[in-house]
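Work through the exercises below with the model open beside you. Try each task before reading its solution.

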Amino acid sequence: MSARTSTSGPALLARLERLPVSRPHFRLMFMGGLGIAFDGMDGSLVSYLLPAVTPLWGLASWQTGLLGSALLIGIMIGALSAGLAGDALGRRRIMMYALVVYCVATIAAAFAPNWLFFFGARLIAGIGVGAEAAIIPAFMSEFVPGRARGLFVGSIAGFFSLGYIAAALLGSLFVPAFPDGWRVAQLVTAAPLLMLLWWRRALPESPRWLIEQGRLDDAETVVAQMESRVERATGKPLPPVSAPPAPEVAKAPEPTGVARRIAGLWRGGMAGRTAVLWLLWISLTFAFYGFFTWIPSLLVQQGMTMSKSFGYSLLITTAQVPGYYSAAYLSERLDRKRTIAGYLIGGAVAAFLLSQGGGDSQVLIFGALLSFFMNGTYAALYAYSPEVYPTSVRATGTGAASAFGRIGGIAAPIIIGAFYASIGFGGVFAMVTGALVAGALAVLVFGVSTSGRTLEELTGTAAPPRGAQQEEMQE
């Protein structure tokens with residue numbers, strides 16, 4: 001293994017960046033991905049619960065829409081608070097706290113005696129979901145070399161699709177099977193509480209966060225462990241370490257306090273990046289939750305039975321899997337901003353065709369295409385979001401974008417519930433089309449190219465040396 005001649009921040013980052021992508025990176029991806037998968041399962045399950053609880057409690061359309069938005073309200077709170085806490089307290093600790101909150105609240109929701117209790121429990125569960133969804137991509141982005149970061153973080157987002165498929169299976173098998181099937185389905189989604197035992201033992205802290213906190217010895221330990229594991233996994237000597245990147249600009253003082261951290265996202269060069277990111281999250285989340293929260297209910301109102309609508313929803317949901325992983329692959333080849341724009345435009349075309357479709361087969365085909373493109377966009381967006389911020393506010397920036405983006409997700413079920421009677425099936429998807437087009441234009445015109453660049457290059461905290469020779473460390 002390479003000798004550790006320096007524990008300076010730039011030297012540690014150079015050691016981390018030069019590691020070959022191997023089993024330890026995939027292990028971290030799997031650990032984070034499982035948390036994402038269960039979050040996706042819980043978030044998607046609500047669309048299968050609403051047709052069951054609406055007649056059970058005699059809910060009006062606005063009440064059903066509010067229940068559909070409960071998780072999104074919680075996700076908004078959780079994403080913002082987790083981002084702030086993750087920058088202050090560390091990525092690892094917040095990931096574990098979020099898992100506990102989500103699981104306990106989901107169990108409580110399974111025993112809800114009325115819709116108000118159900119609303120409150122789903123909201124609290126959303127806090128845990130939002131916290132994990134904001135922190136895990138930022139965490140993963142700080143371990144993976146720049147040359148593979150888009151593929152890895154996009155693939156982590158792909159675990160959402162596994163959760164959505166699991167939710168569709170639960171919704172199809174349990175919810176219509178017996179009167180309390182909707183309760184049983186929620187208990188199943190609380191299973192990841194057991195995953196906490198694994199995370200406590202095996203989850204490392206982000207070395208970039210440790211460096212930012214001045215904890216260089218702790219960061220050295222994490223990097224050394226990664227080096228050792230990579231060397232064992234590959235069975236080869238580690239590549240030589242490039243000369244540490246030279247500072248390009250003086251490091252700004254770390255913002256402290258909630259208001260200052262959020263304000264820091266709108267200062268200098270960060271303002272344009274934040275504006276684009278927030279618009280992307282709002283438009284995509286509006287389209288996504290407007291579609292997936294209401295699609296089973298909309299299909300029932302189109303004349304399908306509940307079982308048939310759930311079956312169609314399962315097929316449409318399955319199209320997410322190739323959507324996520326194709327975008328994760330392309331985001332490394334075409335760059336994140338081009339991938340995001342391309343998939344948003346593809347989703348807009350699919351939504352427009354869905355608004356014009358009439359028969360069941362057209363609904364299935366165009367719905368699957370919309371599912372493919374929207375979730376592909378998420379894969380690239382989850383990779384893109386942490387890249388545009390420096391380490392000191394990376395979790396805050398990612399969490400804030402996810403949180404404020406949930407405004408679109410909160411609004412979508414309520415707006416659709418309120419206006420469906422007047423605008424109809426076609427009108428719903430015309431709104432989805434408009435939201436996706438707005439996001440595509442924003443990222444094409446104002447987005448930042450990030451593929452293949454280190455996080456420090458992207459945020460102006462370091463520049464790679466030009467023509468510097470690689471320095472091989474002595475054994």
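The exercises move from the whole chain to two helix pairs and then to single residues.

This is a predicted model, where local features need pLDDT of at least 70, side-chain atom pairs count only at pLDDT 80 or more, and totals for chains, interfaces and linings use all residues. Residues are numbered from 1 along each chain as its sequence is written, and side-chain values use heavy atoms, with hydrogens and water left out.

**Exercise 1. Describe the chain as a whole.**

Step 1: take the secondary structure. The chain has 19 helices and 0 strands. Both are DSSP runs numbered from the N terminus, helices being H or I with at least four residues and strands E with at least two.

Step 2: take burial. Of the 475 residues, 59% are buried. Buried means under 20% relative accessible area, exposed means over 50%, and partly exposed lies in between (1.4 Å probe, protein chains only).

Step 3: take the surface. The chain exposes about 17,300 Å², and carbon and sulfur atoms supply 66% of that area. The areas come from the Shrake-Rupley method with a 1.4 Å probe; for residues, only the protein chains shown count as cover.

Step 4: take the contacts, meaning heavy atoms within 4.5 Å. Among contacts between residues at least 6 apart in sequence, 86% join residues at least 24 apart.

**Exercise 2. Work out how helix 4 and helix 7 are arranged.**

Step 1: find the helices. Helix 4 covers residues 91-110, and helix 7 covers residues 181-189.

Step 2: read the geometry. They pack at an angle of about 170°, with axes 8 Å apart. Axes are lines fitted to C-alpha atoms, for helices over the stretch in contact, and angles run from 0 to 180 degrees between N-to-C directions.

Step 3: classify the angle. Under 35 degrees counts as roughly parallel, over 145 as roughly antiparallel, 65 to 115 as roughly perpendicular, and the rest as oblique. Helix 4 and helix 7 are therefore roughly antiparallel.

Step 4: list the contact. Helix 4 brings Tyr102, Thr106, Ile107, Ala109 and Ala110, while helix 7 brings Trp182, Arg183, Gln186, Leu187 and Thr189. By class, 6 are nonpolar, 3 polar and 1 charged. Nonpolar covers Ala, Val, Leu, Ile, Met, Phe, Trp, Tyr, Cys and Pro; charged covers Asp, Glu, Lys and Arg; the others, Gly among them, are polar.

**Exercise 3. Do the same for helix 15 and helix 17.**

Step 1: helix 15 spans residues 320-333 and helix 17 spans residues 360-387. Their axes come within 7 Å and cross at roughly 40°.

Step 2: the two helices are therefore oblique to each other.

Step 3: look at the contact. Helix 15 residues including Gly323, Tyr324 and Ala327 meet helix 17 residues including Phe372, Gly376 and Tyr378. The contact has 8 nonpolar, 7 polar and no charged residues.

**Exercise 4. Place isoleucine 107, leucine 216 and aspartate 335.**

Step 1: isoleucine 107 lies in helix 4. Its relative accessibility is 32%, so isoleucine 107 is partly exposed. Not counting residues up to four places away in sequence, isoleucine 107 touches Leu187 and Ala190.

Step 2: leucine 216 sits in helix 10 (residues 216-234). Leucine 216 is partly exposed, at 29% relative accessible area. Glycine 9 is 207 residues from leucine 216 in sequence, yet their C-alpha atoms are 7.0 Å apart.

Step 3: aspartate 335 is in the loop between helix 15 and helix 16. Aspartate 335 is buried, with a relative accessible area of 6%. Its phi is near 85°, a positive value in a residue other than glycine.
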